[in-house]
Structures are given as structure tokens and as C-alpha cells.
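Work through the exercises below with the sequence and the structure at hand, and try each task before you read its solution.

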Amino acid sequence: MVRISRVISEIEDKLTDLRENLKAVKDWVRYLEEENQNLRRELSACSVRLEQLGQDGMGKANLEQEQQNLRKLYEEGFHICPYNFGHWRTQDCLFCLGFLKNTLERQEQSVSGNE
Ligand SMILES: [Zn+2]
């Protein structure tokens, strides 16, 4: 009887540990979800600014910087295309590559338009 009650006590301790670990994991997931939302908002704002700069044909240096930022994000493994914006990429994405190519062309048009 003593042995059974000891086993039950150990199981209760393990369940308590598991519950605490689960709570920590849930907190961490909540934090990451918030961080992810913030990053998506930032990426989205970055894309809108790039779009505006491209349309206005102004701020050559800014446009170059935005283009570099997008390329960097893409190389770090994020989608920058409108279809999957801010999501993780597991392989090359033709939409992202097309988007990068278009922003580069707009940048070049902006440069030749200003001369
Ligand atoms: Zn993409």
C-alpha cells in the first residue's frame, strides 16, 4: 500500500511539472504569435512604402534601401509576395522573385526618370 501511494504521489508531481511546462510553452507560443503579427505589420508597411516610392518615382536611395530590405527578408526565409506575405518560405517562390524583379525594374525606371 505504501508503495502504491508513493507511485501515485510521483505521478501527481510529474503531472504538476507537465502542467507548468505546458503553461510556459503556451506563454511562449502567445509571445511568438504577437511577435509574428508585429513583424507582418512591419513587412506590410515596408511593402506599401516601397509601392508608394515606386509610384512617385522619388527617393532613389530610399527605394534602393527598401529593395535591399525586401531582398534580405526573402533571403532570411520570408515570403515578400502579396500572396504569402510574412510567412516562412520552405523553397524559392516565383511570386516573391517576380516581386523583387518588379521592384528592381521600378527602381531602375525611377533612376532613369530622374535623369
Ligand atoms: Zn512568396
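Two residues are said to be in contact if their C-beta atoms, placed from the backbone, lie within 7 Å. Keep in mind throughout that this is a predicted model.

**Exercise 1.** Describe the secondary structure of the protein chain and the order of its elements.

*Solution.* Begin by counting the elements, which gives three helices and zero strands. Then read along the sequence, where the pattern of the protein chain is α-α-α.

**Exercise 2.** Find the residues of the largest nonpolar core, and state which helices each supply at least two of them.

*Solution.* The largest nonpolar core consists of seven residues, namely L50, L70, L73, F78, I80, C96 and F99. Next, place this core on the helices: α2 (60–75) and α3 (94–114) each supply at least two of its residues. Finally, take L73 as an example: leaving aside residues up to four places away in sequence, L73 touches L43, F78 and I80. For the chain as a whole, 11% of the 115 residues count as buried.

**Exercise 3.** Decide in which helix the confidence is lowest and in which it is highest.

*Solution.* Start with the whole protein chain, whose mean pLDDT is 84, with 85% of the residues reaching 70 or more. Then turn to the helices: confidence is lowest in α3, with a mean of 77, and highest in helix α1 (residues 2–56), with a mean of 87.

Terms used. Residues numbered from 1 in each chain as written. Predicted model: local features only at pLDDT ≥ 70, side-chain atom pairs only at ≥ 80, totals over all residues. Helix = DSSP H or I, 4+ residues; strand = E, 2+ residues; numbered from the N terminus. Buried ≥ 20, exposed ≤ 12 C-beta atoms within 10 Å, placed from the backbone. Core = buried A, V, L, I, M, F, W, Y, C linked by C-beta atoms within 7 Å. pLDDT = per-residue confidence, 0-100.
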